[in-house]
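Colleague: I would like a close look at a single part of this model, told as one connected account. Please give the cut-off for each term as you go.

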Amino acid sequence: MSRYTDADRERAQQRFVWLQVARLSALAAVIIGIAIAQEALAAPYWLGVALAIGGVFAFFFAPPLLARRFKARDAQAPDTMEP
């Protein structure tokens with residue numbers, strides 16, 4: 001029998017989805033930024049460079065920051081397993 005409740009599994013699945021959304025949106029920003037910088041999309045060059053650089057930073061730093069925030073929330077929440 002598993003020691004995790006359905007609520008714990010649901011919360012873990014939601015967190016996983018949020019981490020993947022952060023990664024995919026950062027990747028989309030990089031791709032759009034490169035497309036703008038290569039003049040495939042009509043927008044200022046500086047916007048493309050800013051999107052590409054911001055997307056790279058977000059791709060690598062947003063998921064760990066989100067995970068740290070999730071962990072901090074768990075540490076503040078009372079433990080439901082204790083009687």
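Modeller: Happy to! I call a residue buried under 20% relative accessible area, exposed over 50% and partly exposed in between (1.4 Å probe, protein chains only). Please keep in mind that this is a predicted model, in which local features need pLDDT of at least 70 and side-chain atom pairs count only at pLDDT 80 or more, while totals for chains, interfaces and linings use all residues. Residues are numbered from 1 along each chain as its sequence is written, and side-chain values use heavy atoms, leaving out hydrogens and water.

My chosen part is helix α1, residues 6–37 (helices are DSSP runs of H or I with at least four residues, strands are runs of E with at least two, and numbering starts at the N terminus). With its 32 residues, α1 spans 46 Å between its first and last C-alpha, close to the expected 46 Å (1.5 Å times one less than the number of residues). After α1 comes Glu-39, with a positive phi near 65 degrees.

Let us begin with the charged pairs. Two salt bridges turn up in a search of the whole structure (a side-chain nitrogen of Lys or Arg within 4 Å of a carboxyl oxygen of Asp or Glu). In one of them, the side chains of Asp-8 and Arg-11 meet at 2.9 Å, N to O. Asp-8 and Arg-11 are about one helical turn apart, because three residues separate their positions in α1. Asp-8 is partly exposed at 23% relative accessibility, and Arg-11 is partly exposed too, at 39%.

Arg-15 and Asp-74 also meet through their side chains, at 2.8 Å, N to O. Since Arg-15 belongs to α1 and Asp-74 to α2, this pair ties together parts that are 59 residues apart in sequence. Arg-15 is buried, with 17% relative accessibility, whereas Asp-74 is partly exposed at 38%.

Arg-15 has company among the buried residues of α1, which include Leu-19, Ala-22, Ala-26, Ala-29, Val-30 and Gly-33. Part of their cover comes from α2 (45–76). Phe-70 of α2 shows one place where the helices touch: Phe-70 is in contact with Arg-15, Trp-18 and Leu-19, leaving aside residues up to four places away in sequence (contact means heavy atoms within 4.5 Å). Phe-70 is itself buried, at 13% relative accessible area. Gln-76, also in α2, is exposed at 70%, and its C-alpha lies 38 Å from that of Gly-33.

Finally, the outer face. Leu-24, Leu-27 and Ile-31 are among the residues of a nonpolar surface patch of about 990 Å². Such patches consist of residues with over 30% relative accessible area and no salt bridge, joining like charges within 9 Å and nonpolar side chains (Val, Leu, Ile, Met, Phe, Trp, Tyr) within 5 Å; areas follow the Shrake-Rupley method with a 1.4 Å probe, and for residues only the protein chains shown count as cover. α1 and α2 each give at least two residues to the patch, and α2 has the largest share, seven residues. One of the patch residues is Phe-57, found in α2 and partly exposed at 49% relative accessibility.
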